[in-house]
Structures are given as C-alpha cells and as structure tokens.
Amino acid sequence: MEITQITNGIRYIGVDDLDLDLFEGQYEIPLGMSYNSYLIEDDKIAIMDTVDARKTDEWIAKLDSALAGRTPDYLIIHHVEPDHAGNIKYIMDRFPNCVGVCSQKAVGLMKRFFDVDFEDRLQTVKEGDTLSLGERTLQFMMAPMVHWPEVMVSYEQKDKVLFSADAFGKFGALSREEEDEEGWSCEARRYYFNICGKYGNMVQGLLKKVAQLDVKIICSLHGSVLTENLDYYIGLYDTWSKYEPENEGIFIAYSSLHGNTEKAALTLASIIKEMSDIKVSVADLRHDDMHEAIEDAFRYDRMVVAAPTYDGGLMPIMEDFISHLKIKMYQNRKVGIIENGSWAPVAGKKMREAFETMKNVTILEPMVTVESTVKPNTVEALKELAKTLVG
Ligand code: FEO
C-alpha cells in the first residue's frame with residue numbers, strides 16, 4: 001500500500017472515491033473524488049482529519065500501516081462535514097486517550113451529525129492557539145464559512161505546511177489526476193464557485209491570514225497537495241473570492257425548446273468569432289453540466305443568456321441557472337440577453353429583472369427578441385448585440 005511522504009514526518013493517508021456518482025448529491029465527478037487525510041509523526045502523533053464513511057476500511061488500512069502499532073495522541077478536526085468526519089467516532093472509540101482538537105462551533109455540529117458526545121475529550125481551540133507536537137507546532141486559524149461555520153485551518157510551523165480544509169480543494173481523485181488534461185485550475189474552479197463561491201468575503205478573510213505566513217506546502221482536504229508555485233493558486237483564490245473575472249471572454253448560456261433559441265445563440269457566437277479574437281465559450285444548459293456553466297459564468301467578464309418564454313415565464317432550466325448565480329453572488333459582469341416568444345414573450349423581462357438584483361451587473365443593449373424563429377431582422381439585432389459585447 002502506497003503512503004506518500006509529504007515531508008519527513010508528514011504523510012498522506014487519504015483515499016480516493018471512484019464509486020460516488022454525485023458529490024454532495026449534486027456535483028458530477030467524472031474523475032472521482034479524493035478525501036484527504038494526513039498523519040503527523042513527532043513526539044506526539046496527530047491525525048489530520050478522517051475521511052468519508054464510504055471509504056472507512058481503505059482509510060483504516062492506510063492509517064494502520066502508517067501508525068505501525070503506535071497510538072495517535074490527537075485527531076485534528078478542521079471540518080465536520082461528513083466527507084471528512086465520517087470516522088471521528090471510530091478514532092475516538094478505538095483510541096481512548098486520543099484528544100480531538102476542533103473549534104468550539106464544531107462541538108455542537110458533531111453531536112448533531114454523528115450523535116456523539118466527546119466533550120470531555122475535546123480540546124477546543126480559537127484563533128491563534130497553538131499545539132506543540134514536539135519539534136512541530138500547529139497554529140490554528142478560524143475560517144468560518146469556508147465552507148461551514150466551524151471550519152478552521154492549521155499551519156505547521158516547522159515545514160511551513162498549511163492544512164487548508166476545503167480551501168484549495170478540487171474535484172477529482174488523485175489516482176486519476178493525469179487524465180485531467182486541463183490541470184488543477186479547471187476542476188478547482190468548478191469546486192470553488194459551486195461549493196465556496198457564496199462566501200467570497202470569508203475566503204478573503206482567510207487569504208489575509210495566509211498572507212501573514214510563510215507557506216511552502218498546502219494540504220487541502222480534496223485534490224492535490226500543492227508544493228510549488230503557490231502564488232499562482234493563492235492568486236486565483238484571490239481573484240475568485242473578490243468576484244473578479246479571471247479571463248476576458250464571452251460565455252453564452254442557452255436553453256431552447258425547438259432549436260430556435262439555440263440557433264440564435266450559436267449565430268451570435270459565430271458573429272462574435274468573425275468580428276474578433278475574443279474567447280467565446282458556449283453551454284447548452286439542457287445537456288451540459290450546470291455546475292460547469294456556473295463556473296464559466298464566473299470565469300469570464302461577459303455573459304449572454306438566451307432562453308425562450310415558457311408558461312408565461314422563463315424556461316425553467318434558465319431560471320434555475322440564474323437562481324444559482326444569484327445564490328453564488330454573481331456580480332461585476334456585463335450581461336447580454338436573448339429571449340424568444342411566440343405570442344407573449346416575457347423571458348427577457350424575467351432575465352433582466354433577475355440580473356438587476358445582482359451587484360454591479362450591467363445589462364448590455366440591445367436585448368434581442370427572437371420571434372419564434374431566427375429571421376434576417378433577428379440576425380441584424382444579434383450583430384448589434386455582438387458589437388456591444390466586443391466593445
Ligand atoms: Fe469537503 Fe465542506 O467538505
């Protein structure tokens with residue numbers, strides 16, 4: 001069994017999940033998921049988080065191999081969401097002298113989720129508290145809402161390792177990383193905007209604390225251990241959490257009933273491409289991954305939404321998409337609108353109203369109305385919208 005040595009004294013004992021269809025019951029994970037866990041060996045031995053109960057046996061085998069008969073002194077609990085906390089009870093029951101270390105808020109959540117009461121064996125820590133393991137010292141920082149209220153991160157001062165909880169996490173199993181041709185940022189971005197995106201201000205708070213530290217390695221609870229070029233990853237997190245666009249480009253998200261709104265959206269994409277070299281990305285919300293569409297909406301500085309009127313309102317999948325964007329605090333972008341309607345078009349009005357409730361979203365004119373099918377006058381209107389988009 002392979003157990004990766006991260007530094008002399010810190011080992012990776014996490015596991016991959018290649019059987020789960022949807023993470024958190026909603027996110028597609030074509031390359032699986034990793035639940036990361038680590039073991040620090042010093043005068044005292046600390047387990048850094050457990051894993052999802054789905055992978056208990058595999059994790060225990062790794063833990064036992066790494067422990068080699070020794071007994072852990074501490075279980076550091078950065079986050080009590082079940083994908084990391086599924087084996088807290090197992091550890092506390094099996095090792096009666098092991099002390100759980102967590103934030104005060106984690107205590108109540110653990111009771112709620114796992115029906116356990118380890119209060120007499122929990123050491124709660126607050127901002128700036130430290131725990132000596134021997135040569136190594138862990139320094140704790142609270143990171144509420146990154147991504148739950150009880151979350152904390154820790155900094156191992158000797159090797160300068162940040163145990164960052166969900167921050168800097170990504171979708172994808174470690175054993176399948178090489179298949180991810182787009183590298184870290186694509187699945188990390190989809191993970192960030194869908195899972196942490198609502199809490200950009202809290203992520204900013206964490207980044208300010210991280211900026212005070214000399215971090216050499218980031219050990220997240222999902223995905224790769226980051227060992228070099230950390231400014232790149234931290235820089236992306238800074239951009240994302242400020243809700244700033246990462247790239248110049250136009251993202252076109254559409255839904256369509258009979259293919260006519262689709263034709264308008266794809267015609268617009270062609271016009272833009274003829275007009276300029278600007279990056280254009282297109283998503284068919286009916287078939288493409290909704291969460292990737294959310295990721296792309298945040299990635300680019302401009303977006304076009306195209307949807308038909310349905311039942312006196314907006315085609316539901318577009319309503320769902322825009323609702324997700326609002327929840328995730330979509331802001332600071334320019335948005336163009338294409339609507340379709342055959343007898344009482346209202347889709348454009350509905351979309352405009354939704355974006356007008358979001359911070360610093362500029363609606364680009366003209367709004368294009370497709371009257372059932374794309375006609376020469378529709379193409380002319382799309383050309384006008386394209387000019388505004390390209391600027
Ligand atoms: Fe990976 Fe918020 O749990």
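## Cysteines

Is Cys-186 buried or exposed? In this predicted model, Cys-186 is buried, and its relative accessible area comes to 7%. A value under 20% is what earns the word "buried" here. Cys-219 belongs with the buried residues too, its relative accessible area being 1%.

Now to the matter of bonding. The number of disulfides found is 0. For Cys-186, the nearest cysteine sulfur is that of Cys-196, 16 Å away, and Cys-186 takes part in no disulfide. Cys-219 is likewise in no disulfide: its nearest cysteine sulfur also belongs to Cys-196, at 17 Å. A disulfide calls for two cysteine sulfur atoms within 2.5 Å, so a nearest sulfur beyond that cut-off rules one out.

## The chain as a whole

Stepping back, let us look at the overall picture. The chain has 391 residues, and 58% of them count as buried. Measured out along its principal axes, the C-alpha trace spans about 75 × 40 × 35 Å. Its secondary structure is made up of 12 helices and 23 strands.

Contacts across the sequence are worth a look as well. Taking the contacts in the chain with a separation of 6 or more, 71% are between residues 24 or more positions apart.

## Strand β10 and its partners

For a closer view, turn to strand β10, which covers residues 99-103. Of its 5 residues, 4 are buried, so the strand is largely enclosed by the rest of the structure.

Which strands pair with β10? One is strand β9 (residues 74-76), which pairs with β10 in the parallel sense over 3 bridges. Another is strand β11 (residues 122-125), joined to β10 by 4 bridges and running parallel to it.

Gly-100 is a handy residue to follow through this arrangement. Leu-75 stands opposite Gly-100 of β10, and Gly-100 in turn stands opposite Leu-122 in β11. If you have the model open, tracing from Leu-75 to Gly-100 and on from Gly-100 to Leu-122 takes you from β9 into β10 and then from β10 into β11.

## Surface and charge

Finally, the outside of the chain. Its accessible surface is about 16300 Å², and carbon and sulfur atoms contribute 47% of that.

How far apart are the mean positions of the positive and negative charges? The chain carries 42 positive and 64 negative charges, and their mean positions lie 4 Å apart.

Methods: Residues numbered from 1 in each chain as written. Predicted model: local features only at pLDDT ≥ 70, side-chain atom pairs only at ≥ 80, totals over all residues. Heavy atoms only, no water. Helix = DSSP H or I, 4+ residues; strand = E, 2+ residues; numbered from the N terminus. Buried < 20%, exposed > 50% of the residue type's maximum accessible area, 1.4 Å probe, protein only. Contact = heavy atoms within 4.5 Å. Areas by Shrake-Rupley, 256 points an atom, 1.4 Å probe, with all protein chains shown as cover. Lys, Arg positive; Asp, Glu negative; His and termini not counted. Charge placed at Lys NZ, Arg CZ, Asp CG, Glu CD. Pairing = 2+ DSSP bridges.
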